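The questions below work through one protein model, going from its overall make-up to individual side-chain pairs. Each reply is meant to be read with the coordinates open.

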Amino acid sequence: MSTRKPTQVDIQLDLPRYRGNKKQRYEQLLALRAQLVDQVSMLNGVNLQVERNAGEDGGDVGSDNFMREINLNVMSDEGIKVQLIQQAIERLDQGKYGRCVDCREDISEPRLDAIPYAKLCVKCKETRESQGVTNFTNNTVGKDFTE
């Protein structure tokens with residue numbers, strides 16, 4: 001009994017095989033995820049670079065700290081979006097992509113074009129917002145986190 005290493009063909013067989021609109025959405029989600037990961041990596045690199053000089057003005061230090069905090073907030077939001085994109089890919093695999101998680105109606109194509117990882121149709125999103133549920137408020141990406 002011999003064991004063989006997986007070939008490129010074997011590896012490709014593990015990739016999802018979508019056609020038409022599903023393939024376009026999958027590729028769109030992958031591209032957006034890659035873009036966000038790159039942005040987070042770049043911001044992470046910027047935040048790790050700390051240059052202090054003796055006698056540096058306190059205002060400059062405060063300004064640097066403020067910019068670092070803004071970058072950290074952006075990184076957090078982008079990280080949440082990456083998780084939402086991953087959830088959208090999972091819904092695509094399960095055949096649930098493009099359906100509102102609240103009302104189970106189809107999410108409009110223009111909404112998915114604008115926010116490919118959307119979980120809610122416009123009506124349900126507006127309902128949640130009117131009830132005080134907004135984006136990125138609880139810093140989690142659980143089932144109740146909306147976009």
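Contact here means that heavy atoms lie within 4.5 Å. The model is a predicted one.

Q: What pattern does the protein follow when read along the sequence?
A: The predicted model has 5 helices and 0 strands. Read from one end of the sequence to the other, the protein therefore follows the pattern α-α-α-α-α.

Q: Among contacts with a separation of 6 or more, what percentage comes from residues 24 or more positions apart?
A: Buried residues account for 27% of the 147 residues in the protein, and carbon and sulfur atoms supply 51% of the roughly 10,100 Å² that the protein exposes. Of the contacts in the protein with a separation of 6 or more, the share contributed by residues 24 or more positions apart is 58%.

Q: Is Arg-25 buried or exposed?
A: Arg-25 is found in helix H2, which spans residues 20-48. Leaving aside neighbours within four places in sequence, Arg-25 is in contact with Tyr-97, Glu-109, Leu-112 and Asp-113. Its relative accessible area is 4%, and since buried means under 20%, Arg-25 counts as buried.

Q: Which residue meets Arg-25 in a salt bridge of 2.6 Å, N to O?
A: The side chain of Arg-25 has a polar atom 3.2 Å from the backbone oxygen of Leu-112, and a polar contact of 2.8 Å joins the side chains of Arg-25 and Asp-113. The salt bridge of 2.6 Å links Arg-25 to a residue in helix H4, so that pair ties together parts that are 84 residues apart in sequence. That partner is partly exposed, with a relative accessible area of 38%, and the residue is Glu-109.

Q: Where do the buried residues of helix H5 lie around the axis?
A: In helix H5, residues 122-130, the buried residues are Cys-124, Lys-125 and Arg-128. They cover an arc of only 105° around the axis, which puts them on the same side of H5. What covers these buried residues includes helix H4 (109-114), whereas Lys-123 and Ser-130 are exposed on the face turned away from the buried side of H5.

Q: Which residue forms a salt bridge with Arg-128?
A: Arg-128 counts as buried at 12% relative accessibility, and the closest N and O atoms of its salt bridge are 2.7 Å apart. Arg-128 lies in helix H5 and its partner in the loop between helix H3 (58-94) and H4, so the pair ties together parts that are 26 residues apart in sequence. The partner is partly exposed, with a relative accessible area of 37%, and is Asp-102.

Q: What separates Lys-125 and Glu-129 in helix H5?
A: Lys-125 forms a salt bridge with Glu-129, the closest N and O atoms being 3.6 Å apart. Lys-125 counts as buried at 7% relative accessibility, while Glu-129 is partly exposed at 39%. Being 4 residues apart in helix H5, the two are separated by about one helical turn.

Q: How many disulfides does the structure hold?
A: A disulfide needs a pair of cysteine sulfur atoms within 2.5 Å. For Cys-103 the nearest cysteine sulfur, that of Cys-100, is 3.7 Å away, and for Cys-124 the nearest, again that of Cys-100, is 3.6 Å away. Neither Cys-103 nor Cys-124 is in a disulfide, and the number held by the structure is 0.

Methods: Residues numbered from 1 in each chain as written. Predicted model: local features only at pLDDT ≥ 70, side-chain atom pairs only at ≥ 80, totals over all residues. Heavy atoms only, no water. Buried < 20%, exposed > 50% of the residue type's maximum accessible area, 1.4 Å probe, protein only. Arc of directions from axis to C-beta. Areas by Shrake-Rupley, 256 points an atom, 1.4 Å probe, with all protein chains shown as cover. Polar contact = N/O pair within 3.5 Å; in protein donor to acceptor, adjacent residues only side chain to side chain. Salt bridge = Lys/Arg side-chain N within 4 Å of Asp/Glu carboxyl O.
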